[in-house]
Structures are given as structure tokens and as C-alpha cells.
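Reader: I've just opened this one and I'm finding my way around. Mind if I ask a few things as we look?

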Amino acid sequence: MTAASDTARDEAALSVGDLRVRLRARAGIVHAVNGISFAVRAGEIVGIVGESGSGKSVAMMATLGLLDAQIVEQASGLVTVGARTWRDIVVPDPWTSRSPELAIVFQDAIAALNPVLTVGAQMTDALAARHGLATGPARARARELLDAVRIADAARVLDSYPHQLSGGMCQRVMIAIAISAEPKVLVADEPTTALDVTVQAQILDLLRRIRDRTGMAIVIISHDLGVIARMASQVYVMYAGRIVESAPAGALFADPRHPYSRALLQCSPRIDRDDRASGAIPGAPPDMRRRRPGCAFAPRCTQATARCGAEEPALIPAGVRSVACWHPVGGGRHD
Amino acid sequence: MTGIDAAAPPDDAAASGASPWRRFGILNALFALWLIAMLIAALFGPAFLAEQAMLPRLDFRLKPPDAANWLGTDAVGRDILARVVVAARPTLTIALGGVAVGLVIGTLIGTLAGYCGGWVNLVCMALVDIKLGFPTILFAIGVIAVFGSDTANLVIVIGVTGFVTYARVQRGVVLKIKAQPYIEAARAVGSSHARILALHVVPNALSPLLIVASIDLVRVILLEASLSFIGLGIQPPTPSWGGMINAGRDYLQTAWWICVGPGLVIMLTALGISRLGDWLRDELDPSLVT
Amino acid sequence: MIDATSPLSTEILLEADSVCVHFQAASRFGLTRPPPVRAVDGVSLRLVAGDSLAVVGESGCGKSTLARALAALIAPTAGQVRYRRRDVATSGCHERRLMRRAVQMVFQNPSGALDPRLRVETIVREGLDAGAIGMRAERVARVAHALDMVGLGAQHARAYPGQLSGGQQQRVGIARAIVMAPEVLICDEVTSALDVSIKVQIVELLMSLRDSLGLAYLFISHDLGIVRQIATRVAVMYLGQIVETASTASFYRAPAHPYSVALLSAVPIPDPAIEATRHHIELLGEVPSPSNMPTGCRFRTRCAQAQPRCAAEAPELRDFGPGRAVACHYPISASAD
């Protein structure tokens, strides 16, 4: 553990230490998460960015104890929420163990709701089960929660079936259910990827308001650097199951040090610039079934040397940021 | 363009993992041997064992299995093992023929209904409903009474009574395939409907049909048995597996082996066909490669 | 990059003239006939040689349906789709076949758009086989050439789609289209299913193909960042109609329709310093149902600038500055231009 994460952990709402997950897949063992640590303070919005297969979703599922035990080959790590610490990453009954402190919102909100029950029935059920509320108070609380996620006609939505609602509305309902237990940390796994851009703006704005009002910490997972830039104050960049760079958002976007972070930023298309996004990243993400020695990004990296192919660089803190690279780029100045 | 992912070779990790024969497994090999044995029985059995299978020997009536008669003897003293071997040819001819007829008719109707939709769908599904509302046995009696009970008629009757399952399954599968983007992509490059059906729809619908067929095979063997029971199936003294079970029903309490021999044979054959069908389906499906 | 927008550069290849596509939903118990879904409701646009037109909009705005009408995959309920000034619906069999070849389409979901049971070479050759174009050896050579152009080699030709990555699959989809030697390529959300780093590879490929083959592109996309890079003109759709068309440069500099403004303001920019100071316009409410449109301007229910006139009178698509047309009674003028 580094000094930086020690100080962070003192006041952390959630801290994760040396998380490792291997999953069983049809074609072999997938090294999904290979030793990541991070911490989130109360009221902070942390962004985790990475492409598909980077392990960002698996890492968060493991943190919440939501991994399907059937497919886990091996999982280890330390999850601390407030005063409680869990050492067992795979748990038999996820909802009773970590849910009051941790809650999650998924990408596909419509699929996460039961299609044959009204939204109201599902919400009151959840509230009755979790807080022992009777039907009347549970429904009142459900309306309150829908108001909290800025749904104007809460009564109509409560009596609707999920397919009668838009994707954005379903996502609001999911957020309402997630915050009903007043968690310390809300994990949002690609919460707006399935949504239109104007709806995305509404949902991101809603998450921010909830943070402002309740002071809960938010971990937002996204492949979209724009979403991360809009939301997060601290950013972790993941590649091949590891954190390759972590930094405050301002520093990361102004001056990314890891060649992958830099390339990702350079090839993200922007609406505010005319210049063609320069240089696609050559090659494709690595096959997570085979672990190669050295840096996982080396085969696609323009700066790679012999050392990169042989030794895996550790995540080394330097000032406010940490970089896992033998030849970090950019930045003459030290921050 | 600088380096691109295109330069990478196709992902062959899974393909190199195990050869098709490794995935075949010992159990499947045993079933394959069994089916080969049945095939040999069907081809050569009648030539060698016809006499033991057909001629009654009343002094050997209802003998339980022993060293001389491995599966025992039946009510008129015929060796059950010999009868099972000889019965392989008529039974398998009718079963495979019946399944094939049902498969072809059902696939045709189901594909048309699913792909064309509209009034074609209504007509095809009306055919299916008419068939469902018409008692199978009554239909069989009618056809056989008019045309006689030779093998070809039996095959047609059994096939026609079985097409409904294929048609229903195929219609559902085709509806799903029709909604796949690759069908629209084929239309966009100018493929005709016939071409799309032959190249995309039918090959992608094959595996569910194979599964249905392997289940249907058992149904067909048993249907032949019930037709034999009312005297419309394979005519005695020619034995059939279903007919043998039927004949043994009255002796279930006293001479269980009359039923058990052919029963085991039907079970093993059906199981073998369905297991090999499964294996074949997985091997033929390149989408399962990775 | 700019010359392609000039209307006098070349002839019109593909043209939509007041195209409507309405879907009739099934009736309930055969009693009530629900109002039709007006997916595309009177869209006119032109694509000239060398053009790159992007149709943008959110889900349900009808942009994919419009693409299918232009590719002659669905027949318009009203209006005409013309290829080289000939109405596709009434032209003869031979002409239709030529049009089918000249207008090709690349699809959104790269894995779904490839038949999993066929090898890549068979998939790419399908259009040539179906049209009986050339001798067999010639077809094989054209397939190899097309695969080479999209950066795939002989080892990919023998592979099945399931053995390829998403980016490689999309390259196969592009090869299948360009092997027909088309003039127009309609790209329906071709990058939306891909990772950021792969997205840019595909965009670069499409740009290089435009230069080497002289293709005209129609991009259907909701990704305004990608559109800025690949399109020379932008058409914004809302509820089945085009509400603004403009050259890419002027559109991104100063959008004129209130919906365009809101759309652009919603797209996040990967720079926290800019994001912190940006003004996001939050649209009111939700998109109305395309089977039950508002009176007058379709956007008025969500528009902050809506006036009484907007409810009474539907705005026409009118010229508004050079190379720009807007369907709004109160378009927003470029302030600092």
C-alpha cells in the first residue's frame, strides 16, 4: 500500500485493496482483474475509465460481492466500507451482506426491472423487504424516492410497467431503488451508455444532484472520457485488468502520463475541435486468457522498449498521481 | 493508416484447444458403436436369423434369459435376441423414413410460414391446426384401409402425423432468424429470397430441427408399435421393436423379459441418436468456436 | 473537404423527395386501429458524388428507417427515393438491380450482420454470387481485393465471424459493401458498437476508402463527435423530420435550431476544464410518441423558446444563411460569426 492511499483510506467511504479476480470462461481462465486498489471519499465522484475487457465492470461487481460464484475461479482482495471490512470477495447471498452500504446502477435499466410487475409493485416490494415497511408507507416512500430522482408524475410511473417507460425513465427508477437504502457509495456501471445524449445529460445531472444532497460517494464506470470529464474529480484508467494511471481529473486530462491514457484521450472524438482525432491506437486489446510477461499495453505502445516486454511496471505514485509505466510520457513539470 | 487490429490473425485459441475427436468422448464412441451394430443388424440380420426369429417352438415357450437364449424367449418360444436383430430393418426403415418425411414436410411448411408471413402463414398454420384437430389413429386407419399397409404407406402416414412439431419449431426459429441483421444485409447486396432461404435461413435453423428429429424418432418407433397393436403396422410374423413390446405387455407380470429386451434396444438407439445429434450440432456450429 | 458540399460539383446520386415511412401497428382484438407510427414524415435530401452527409438524431427520430428507405430495403409510404433522378419504386427490374449495387449499406451490429455459419470470403462474395457478376475466378479475386482494401488478409478470408474481433467484423461488413463497387455507402451507426480505440480505426478506414474509391457517404449516427470528423454536411432529425441542415463547420460553430443547440450542449467534452464552465441546456420532458405528434412544431413541447405560434403553425425547412436550412419560427442567429 502506498502512502497516498493510506491517507485516503482514513476518510474513505469505500476502499478496495489488491483486488484480483479470475473467471472461468468457455475458452479458458480469464484474468479479469489483476491487483487493483482504489479509494473513494464521502461526497467524491470517482471515475473508472477503460475499454471493454479492461476489467472495470468485473472489479466493481467483485467489490459489491455480486460475482456469480459459479464462474469465479479465484477472487481475493480487501473491501472496506466505513468501519466494516470484507475479505471474502465471493459471497453466497450478496444482498444481505453489502447492500446497505453499497448500491449499484447498471447499464441496461429496462432489463433490470421485472417486465410483468408495475414499477410501484417492484419498489414497494423492495422497500417492504429491506426496511420492513407496510404497503401504505412503502408506497409513500416510493413516491418520495421518485420525486428525489426528479420524476414529475410519480403516481403514473408507479402504476406503469417497465416497457411503458422510456430508457431514461427506467434508469431513474433504478437509481431511486439504489438510493432507497441510503448507501454510502453508489456505483454506476455505464449508467448512460444505452441512453440518448440529451437523456444522458439529464441522468448525469441527477447523479450529481444526489451526491450534492446526500453526500454519498459515487463511482462512475464509463468508456466515454467525456462522461468521466463531466463527472469525476479523481480518475482511474484501467487496461487489461490493472490500473495504469490514476490522477485528479484536471491533471489527467491536461497531461496524461501513461501512453495508453494519452492515446485514449487523443483518439476520443470531440465536438469542440475540427482536427481529426490523431492516430488510432494500433492493434487490439489483449487476450485476457493468456497473461504475458511485461506491460500489457506494450504490444500497442509506440514507446515500448525491451524492458516493457519483460517486466510489468508497478503503479508508482508521483505527487498527486500514479502511473504504471517504465517510460511515462509528457509533463516536464512535477505535480 | 498505421497499424491496425486487422493485421492480427483470427483468434484460433479455442479451435486449437481440442480436436473434434477429443471432444467426441468415450461415451459417444460407445453409442456410435451401438448404432453401427444396429445398422449391421438391419442390413444382415434377416439373412442369417430369419428362421430363429420367425418359427414358433412351443417347447421353448417363455424361457427367461439364459446361456442359450440371452434375452429369453417369447410366448411361442422364439428367441428374443434373434427377433430384435431381425426387427431392426423394418423398424429403422419405418422410423427413419417417417422422421424424414415429417422433417421435410414440417420444415417446408414452417419455413414458408415463418419467412413469408401474411396469408401464407395463415394457410400453413391452418394446415397445422387441422392436423392437430384430427385424431392420429383415425387418420392412420383411414389411409391404411384405403391404400394397404405396406412399408411406404406406413412411412407416409407416420411422417404426415409428425410434421406438426417440425412446422411449429421451424416457424419460430425462422421468425427469429428473419429478424437477424445478416438477413437484411443479404438483401442489401441484392440476394433473392430463394438465395437467402437456402444460404442463411435453412442452415441456421438446422440444429433445432436435429434435436426435434432425435426426440421424434422415439415417438415414431412407439407410434409404429401402437399401429401394430391395432393390426395396422408391420404385419406378423415380421417382428418390429414396438410390436414386440406390445406383444409382451400381457406377460409383464410373468415374463418381463419379453418387453425389456426390445425396450432396452429402443432406449439405447434413441439415446445414441440424440447424443450424436447433439455432438454433430456443436461441431457444425462455427458460432460456438470461440 | 469543403468542395464536396458545393452543389455544382457533380450530379445528384441519391435523392429523397418528401419521403414518408409510416408503420401500421397491429390492431387490438381486431377492433380499434391505432394511429400509424410516423417514423419518417416528409424528408427530402440530396447526396451528390463525393458528399459525406451525416443524419444525426436520437433513437426513435427515424434516421435508421430513412436509411433503409434510401437503400431500397423498405418502400416509402409516400414520396420518392430517386437514384440518378430515376424513381426507384417505378424503375425497371434491370435498373433496380443496378441501383441495388450502386447503393450499399454497412450495418450497426458487426457480429449480428454476419451469418455465423459462413466463412468471411463467402459472406463478402454474396453480392457478387447473387448478381452473377463475373466468372467465379474473377469474383474470388474481387473478394480478395476488397478484403485487402479494408486491411484483412487471406487468413481472415477463411475464418468464421465468431473468430474475429468486433473491429475486424466491421471491416468484413465494409468489404461486403465495397466489393459491389458502389457509388454510395450508407453507414448505419457503424462505430457505435465498437470501443473508442477501434472506432477511430474504422473512421480512418472509411476516410481512406472515400479518397481511393470516390464514394459518397450517408452516415446515420448519434455520435456527434464522430460526425464532426467524417461528415461534410449534417442533417438533424427530430420525430421523423429534418429540423436543420448545414455544413459541418457551421453546424458545430453555431447551430440554429433550438434542438440542435440542446443536442450539442448535451455531448460531454473530454476536458474537465471546459466541462466545468459549459452551459448544459436541459430539455423539458420526454420525446413525444411518433404515433401522437404535437400540433405545430414537433419540438415545441420540449423547447424553452416556444411561442404560441409554434403550437399553431408547423415551421417549414427554410434557408437560413448560406448552405443552411432550419425548420423553426425563431431560429438562433450566430452571434459572433
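Reader: Going from the N terminus on, how do the elements of chain B run?
Author: Keep in mind that this is a predicted model. Chain B has nine helices and zero strands. From the N terminus on, its elements run α-α-α-α-α-α-α-α-α.

Reader: And what percentage of the residues of chain B count as buried?
Author: Buried here means under 20% relative accessible area. Chain B has 290 residues, and the share of them that counts as buried is 43%.

Reader: What share of the accessible surface of chain B belongs to carbon and sulfur atoms?
Author: The accessible surface of chain B adds up to about 14300 Å². Carbon and sulfur atoms own a share of it that comes to 71%.

Reader: Which residues make the nonpolar surface patch in chain B?
Author: Let's take two of the members to start with. B:L39 and B:I40 both belong to the patch, and helix α1 of chain B holds B:L39 as well as B:I40, with the helix covering residues 20-54. The patch measures about 1100 Å² in area, and its makers are B:I26, B:L27, B:L30, B:L33, B:I36, B:L39, B:I40, B:L43, B:F44 and B:F48.

Reader: Is B:I40 buried, partly exposed or exposed?
Author: Exposed takes over 50% relative accessible area, and buried takes under 20%. B:I40 has 44% relative accessibility, so it counts as partly exposed.

Reader: What about B:L39, buried or exposed?
Author: The cut-off for exposed is over 50%. B:L39 has a relative accessible area of 52%, so it is exposed.

Reader: Over in chain C, how far apart are the end C-alpha atoms of helix α4?
Author: Helix α4 of chain C covers residues 136-149, which is 14 residues. At 1.5 Å a residue, the helix should span 20 Å. That agrees with the model, because the end C-alpha atoms are 20 Å apart.

Reader: Within what arc do the buried residues of α4(C) fall?
Author: The buried residues of α4(C) are C:R139, C:V143, C:A146 and C:L147. They line one face of the helix, because seen down its axis they fall within an arc of 100°.

Reader: Which exposed residues sit on the face of α4(C) turned away from its buried side?
Author: The buried side has cover that includes α3 (120-130), α5 (154-157) and α6 (166-178) of chain C. On the face turned away from that side, the exposed residues are C:A137 and C:D148.

Reader: Which residue with a positive phi follows α4(C)?
Author: Look just past the helix for a phi near 85°. The residue there is C:G151.

Technical notes
Residues are numbered from 1 along each chain as its sequence is written. Chains are lettered from A and ligands numbered from 1 in the order in which they are written. This is a predicted model: local features need pLDDT of at least 70, side-chain atom pairs count only at pLDDT 80 or more; totals for chains, interfaces and linings use all residues. Side-chain values use heavy atoms; hydrogens and water are left out. Patches are made of residues with over 30% relative accessible area and no salt bridge: like charges are joined within 9 Å, nonpolar side chains (Val, Leu, Ile, Met, Phe, Trp, Tyr) within 5 Å. Accessible areas come from the Shrake-Rupley method with a 1.4 Å probe; for residues, only the protein chains shown count as cover. A salt bridge is a side-chain nitrogen of Lys or Arg within 4 Å of a carboxyl oxygen of Asp or Glu. Helices (H or I, at least four residues) and strands (E, at least two) are DSSP runs, numbered from the N terminus. Buried means under 20% relative accessible area, exposed over 50%, partly exposed in between (1.4 Å probe, protein chains only). The expected span of a helix is 1.5 Å times one less than its number of residues. The arc is that of the directions from the helix axis to the C-beta atoms. Contact means heavy atoms within 4.5 Å.
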